[in-house]
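Please open the structure in your viewer and keep the selection tool at hand, since this tour moves from one selection to the next and says what can be found at each stop.

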Amino acid sequence: MKKIYFITGSQDLYGEATLAQAEKDSREMAEFLNGKLGSIAAVEHTPIVKTAAEAEQLCVKASSDTDCIAVIMWMHTFSPAKMWIRALKALRKPMLHLHTQYNEKLPYDSIDMDFMNLNQSAHGDREFGFICTRLGIKREVVAGYYKHDAVIEKIRSFAYAAAAVDFCKGMRVAMFGNNMRDVAVTDGDRVESEIKFGWNVNYYGIGDLVELVNGVSEAEIDAKMKEYTDKYDMDTDNIAAVREQAKYEAALDKFLAKENISAFTDTFQDLHGLSQLPGIAAQNIMAKGIGFGPEGDYKTAALGAVMQKMAADRAGATGFMEDYTYDLTEGDELELAAHMLEVSPVFAGTKPKIQVHPLGIGGKSDPARLVFDGISGKGIAVSMIDMGNRFRLVCAEIELVKQPEPMPKLPVARLMWKIKPDFATGAAAWIYAGGAHHAVVSTALTRDDIRLFAKMTGTELVIIDDKTDLNTFEQQLELLDLKAKIKG
Ligand code: MN
């Protein structure tokens, strides 16, 4: 199990009795938080830090411990911050600075100087915060009593994000074919993606998959068909077309397992040896936590896998979506998001139907796909773009809504949503920011989860929400361009 170090700062000025008490308190707090983090990560208590040497030793250990995904830091007493300089320069794990106390309330009747000297994080955490700011260390500061639900929730969100960042390291992404010819926004710097996020993105010839497809047995296809009919309603007589997709998915399962792949892309422009574009095959696999990007969009595929990892056991749906068309009724504008085929069934608000329809693009046989209406509720849409000198995340708050009327002739799964704060502002902001037509949509995550991920990976982030004002937003974009220029 992955772990988070709980590091408590002090100094050797206070004498043994005070330090023993601080040690006891911090151990109790670490154990309490360990119980609250559940399966995300174990909170491991570490010996209280009294000297620069101890601080450095502990931060070096955390940085080199491959099981350690993050550290929580807290100054129980005052801890002169020059003793943290070497340690913090060595620290290479995400940090949560927990600004809290062992005691919730003040003991008004009995409080004396001993109590104040023992419980002085109000003092010590400011000294520690200064040195973090002076060193330019990105960290998450959470203030409040550590047993309060709101504080625990923030620590849990931090831990989920840290686990996702850890998951990124060495994450492998397969591109079957390249990105769609002439398309700009789905392209990107794959070397930089690996330097920045740890994503190892590689091209594979579709022939590598075709070879596996041709080796799939009838029994394997039967097993996959049973999986489909257990989960979805068969709504076609063209069973052969569905079996073809089952064959693709069985081959994909083998390929992903063999190559240890967490996300993949395909493209309708490179399907040599396949008679259909993967439809239900891609859809069913996406619902199992695998990231997917169509048209060779590796950034969306990778981001999809990471966001599913971040969502983990939290309620809600996460997957790839594409902005397709609008209902522009004034004041009640709605977006219709869908794709040629590949919408994850995690977004299904109605039981998915397996259907076979012609696909106008690509010149292949009619592909089998899952068709359904979407879920409703609060969510976010997140797009990653390559600005040439840095990556940018665009995160918009959206409200998923029930489609106002049936769409009996639309042969693909669909979601409908409203962008915040209103269509005119939200859509314009997205376009000013350069957000793609591909995004990862989630009802499990919030903008705060994306903010944490962006902070931990040092990625630029712009947020579109109910407070977005276009004038301020455009100025923010200009400042971000300026910042990138200064950083070179
Ligand atoms: Mn697309």
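Begin by selecting Lys288, which is partly exposed, with a relative accessible area of 42%. Please keep in mind throughout that this is a predicted model.

**A salt bridge between distant parts**

With Lys288 still selected, add Glu249, because the two form a salt bridge in which the closest N and O atoms are 3.4 Å apart. Lys288 lies in the loop between α11 (280-286) and β10 (291-293), while Glu249 belongs to helix α10 (residues 239-259), so the pair ties together parts that are 39 residues apart in sequence. Is Glu249 buried or exposed? Glu249 is buried, with a relative accessible area of 0%, whereas Lys288, at 42%, is partly exposed.

**Salt bridges within a helix**

Next, select helix α9 (residues 218-231) and look for Lys226 and Asp230, which both lie in this helix, four residues apart, or about one turn of the helix. Their side chains meet in a salt bridge, with 2.8 Å from N to O, and Asp230 is exposed, with a relative accessible area of 52%.

Then move to helix α14 (residues 447-457), where Arg451 and Asp448 lie three residues apart, again about one turn of the helix. Arg451 counts as partly exposed at 26% relative accessibility, and Asp448 also counts as partly exposed, at 38%. Salt bridges that share partners also join Lys224, Glu227, Lys231, Glu249, Asp253 and Lys288 into one network, and selecting these six residues together brings back the pair with which the tour began. The closest N and O atoms of Arg451 and Asp448 are 2.7 Å apart in their salt bridge. In total, the structure holds 32 salt bridges.

**The manganese ion**

Now select the manganese ion and ask which residues supply its protein donors. They are Glu295 (OE), Glu322 (OE), His339 (NE2) and His438 (NE2), which lie 2.0 to 2.2 Å from the ion. Along the chain, these donors follow the spacing E-x26-E-x16-H-x98-H. Two of them, Glu322 and His339, link distant parts of the chain, with Glu322 in strand β11 (residues 318-327) and His339 in the loop between β12 (334-338) and β13 (353-356), 17 residues apart. Both Glu322 and His339 are buried.

**Strand β18 and its partners**

From the donor His438, extend the selection to the whole of strand β18 (residues 438-442), where five of the five residues are buried, so the strand is largely enclosed by the rest of the structure. In a regular strand the side chains alternate between the two faces of the sheet. Here His438, Val440 and Ser442 point one way from β18, while Ala439 and Val441 point the other way, and all of them are buried.

Add β11 to the view, and it can be followed alongside β18, with which it pairs in the antiparallel sense over five bridges; within this pairing, Glu322 stands opposite His438 in β18. Strand β15 (residues 377-386) also runs antiparallel to β18 and is joined to it by three bridges, and here Ile380 stands opposite Ser442.

**Strand β2 and a buried methionine**

Turn next to strand β2 (residues 42-45), which has a covered face, formed by Val43 and His45, and an uncovered one, formed by Ala42 and Glu44. Strand β1 (residues 3-9) pairs with β2 in the parallel sense over four bridges, and the bridge partner of Phe6 in β2 is His45.

Keep Phe6 in the selection and add Met29, which lies in helix α1 (residues 16-37) and is buried, with a relative accessible area of 0%. Leaving aside residues up to four places away in sequence, Met29 touches Phe6, Trp74, Thr100, Gln101, Tyr102 and Tyr146. Met29 and Val43 are 14 residues apart in sequence, and their C-alpha atoms are 9.8 Å apart in space.

**A nonpolar patch on the surface**

For the last stop, switch to a surface display and select Leu106, Tyr108, Ile111, Met113 and Met116, which make a nonpolar surface patch of about 530 Å². Ile111 is found in the loop between β4 (95-99) and α4 (113-118), and at 33% relative accessibility Ile111 counts as partly exposed.

Key. Residues numbered from 1 in each chain as written. Predicted model: local features only at pLDDT ≥ 70, side-chain atom pairs only at ≥ 80, totals over all residues. Heavy atoms only, no water. Helix = DSSP H or I, 4+ residues; strand = E, 2+ residues; numbered from the N terminus. Buried < 20%, exposed > 50% of the residue type's maximum accessible area, 1.4 Å probe, protein only. Contact = heavy atoms within 4.5 Å. Donors = N, O, S within 2.8 Å, 3.2 Å for Na, K, Ca; no water. Patch = residues over 30% accessible without salt bridge, like charges linked within 9 Å, V, L, I, M, F, W, Y side chains within 5 Å. Areas by Shrake-Rupley, 256 points an atom, 1.4 Å probe, with all protein chains shown as cover. Salt bridge = Lys/Arg side-chain N within 4 Å of Asp/Glu carboxyl O. Pairing = 2+ DSSP bridges.
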